[in-house]
Amino acid sequence: MSNDYETARAERAPALDDFQASLAKNGAQFIQVHLPDINGNFRTKIAPFKISSQGEAVNCNFFCTAPGEGAPLLEPLFPAEVSNETNGFPNMRGLIDPATVRQHEWAPEWASAIVDSFEIGGRRNPLDLRGIIARHEQRATDLGYEVKFALEYEFGIFEIDEEKMRAGRYRDLKPWGHGDINYSLMRSKGFQAFFAELIRRLKGVGITLAAVTTEYGYGMYEYALGPKSPLEAADDAVRAKIVLQELCLEHGLTATFMARFQPLGTHSASGAHHHQSLWKDGRNVTATGENQLSAVGRHYLGGLLQHLPASHLAFRPNINSYRRFDRGAWSPTTIGWGHEDRTKSIRAITIPSEPAARFEHRVPGSDINPYLSVAMMLAAGLDGIEKRLDPDAIADRELPDTLEGSIALFEKDAFVTEALGAGFQAHYAASRHFEAAAFKAWLDRHITDFEFQRYFAGL
Ligand SMILES: NC(=O)CC[C@H](N)C(=O)O
């Protein structure tokens, strides 16, 4: 009997078989099979290279549900509807998306690919965000537009100390490099050679790394990825993190994408700004001139702003996300937008209007799941086009400053239900409630530095 899985498998078989033949001929011997998890990282199996049969790779559903890295081993498991004690944590089926198959130019015995996930009965997994993005891409096409996304990430690089890391003493790790200023060539030993190699490797898997800079803080760096379709941009964002981390490990280093690892009041936190533009017949139609958005550009912006409160959870998904707010941190706290204004949630860039006109959405931190943030923005912008929303009619107001505040706006919102499906909405809200509760439980069990510093030396 035909189902989503069988249909997709039949459609993809010829392309997958071609890759099997051509990559094997080019020396591929091993494959990394990547499954996107709920946090926006890949959970990966490595296997002998055999791409067609990897189309049937199965992965435990648990990966879709584990809220925090490492946490499931220490904390009670998040009892998701799809994966829990009662149903025995069942498998799901993974099917490689042929568009994501790559041979690694710097190590040609390796290939990698990203899978879409299906329930064991063959239905497309409603929690699979790649499928959700694809649905909205089709909506954009039906409206006559192409939307391009480009993500830029700030992140930290530290020297590995396995003993400290095992003990959870991440704050004692040494940042890579001595300086803390932006746009410095002299930050760290081997800085230029390291990022030249990263640019080369990313190019080898089809990812353009448009620019790298040092950022404001010890061990803090930034890279900007080139514009692509929404799904490709999300794939690239996650894949680039893996390629960076592999390169770091080869140098005794480790990268972190947590939103804030530097003390508040001193250095910057890590943002992941999403650049997005609208295209029609190969032309950028976001703006018409200097400080002039096009009508469709204004409507798209209206959608982004209108749905920002309900989408906020996707852009600040963790306890630590809310540490990004700080004096002078350029991390927006209200809905507003402005031309060339970095203090606002959305910065409209219309100089020059062609071809680089775009919106820079500055709310997301580097701890986002890019599949989720991209899905939410795309759905919001398209809603703006469909409803002809006016960005200047949307009242400016404060965004939530806690995880719980963002969950409350997300979990009952009708736009979110429409954009992500009721199943995903409930699942994600439950996972975030679980995260908030895990933090509270941790605080209850631990005596904080605050208490020691305030009360220990009281004699
Ligand atoms: N360069 C910048 O725009 C700084 C961005 C800021 N670090 C953020 O969290 O978004």
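How many cavities of 30 Å³ or more does the structure hold? In this predicted model, the number of such cavities is 3. The two largest are described below, followed by the second largest pocket and the packing of several helices.

The largest cavity encloses about 150 Å³ of space. Its lining is made up of 15 residues, and those closest to the centre of the cavity are Pro36, Asp37, Leu127, Asp128 and Leu129. Four elements each supply at least two residues of this lining, namely strand 1 (30–36), strand 6 (110–118), helix 4 (129–143) and helix 13 (422–445). When the lining of the largest cavity is sorted by class, 9 residues are nonpolar, 3 are polar and 3 are charged.

The second largest cavity holds about 50 Å³ of space. Gln32, His34, His104, Ser112, Val205, Arg239, Ile242, Val243 and Glu246 form its lining. Two or more residues of this lining come from each of strand 1 and helix 7 (230–250). Helix 7 is the element that gives the most, with 4 residues. By class, the lining of the second largest cavity comprises 3 nonpolar, 4 polar and 2 charged residues. With respect to domains, domain 1 (4–127) and domain 2 (137–420) each contribute at least three residues to the lining of the second largest cavity. Strand 1 thus recurs in the description of both cavities, as it supplies at least two residues to the lining of the largest and two or more to that of the second largest.

Among the pockets, the second largest contains about 950 Å³ of space. A total of 48 residues line this pocket, and Glu152, Glu222, His273, Arg342 and Glu360 lie nearest its centre. The elements that give two or more residues to its lining are strand 7 (146–159), strand 8 (209–214), strand 9 (220–225), strand 11 (274–280), strand 16 (346–349) and strand 17 (358–361). Of these, strand 7 provides the largest share, 5 residues. The lining of the second largest pocket divides into 19 nonpolar, 15 polar and 14 charged residues.

Helix 7, noted above for its part in the lining of the second largest cavity, also packs with other helices. The axes of helix 7 and helix 10 are 9 Å apart, and the two helices pack at an angle of about 155 degrees. Because angles over 145 degrees count as roughly antiparallel, helix 7 and helix 10 are roughly antiparallel to each other. Their crossing is right-handed. Helix 6 (residues 191–204) packs with helix 7 at an angle of about 140 degrees, and their axes are 10 Å apart. Helix 6 is therefore oblique to helix 7. Helix 6 passes helix 7 in a crossing that is right-handed.

Helix 10 (residues 370–387) is also paired with helix 8 (residues 295–306), and the axes of these two helices come within 6 Å and cross at roughly 125 degrees. The orientation of helix 8 and helix 10 is therefore oblique. In this pair, helix 8 passes helix 10 in a right-handed crossing.

Note on methods: Residues numbered from 1 in each chain as written. Predicted model: local features only at pLDDT ≥ 70, side-chain atom pairs only at ≥ 80, totals over all residues. Heavy atoms only, no water. 1 Å grid on protein atoms, 1.4 Å probe; cavity = no way out; pocket = protein on both sides within 12 Å on 5 of 7 lines; lining within 4 Å. Points joined across faces, edges and corners; volume = space filled by probe spheres on them. Nonpolar A, V, L, I, M, F, W, Y, C, P; charged D, E, K, R; others polar. Domains from an automatic or database assignment. Axes fitted to C-alpha atoms, helices over the stretch in contact; angles between N-to-C directions. Parallel < 35°, antiparallel > 145°, perpendicular 65-115°, else oblique. Left-handed = near helix turned anticlockwise from the far one by under 90°.
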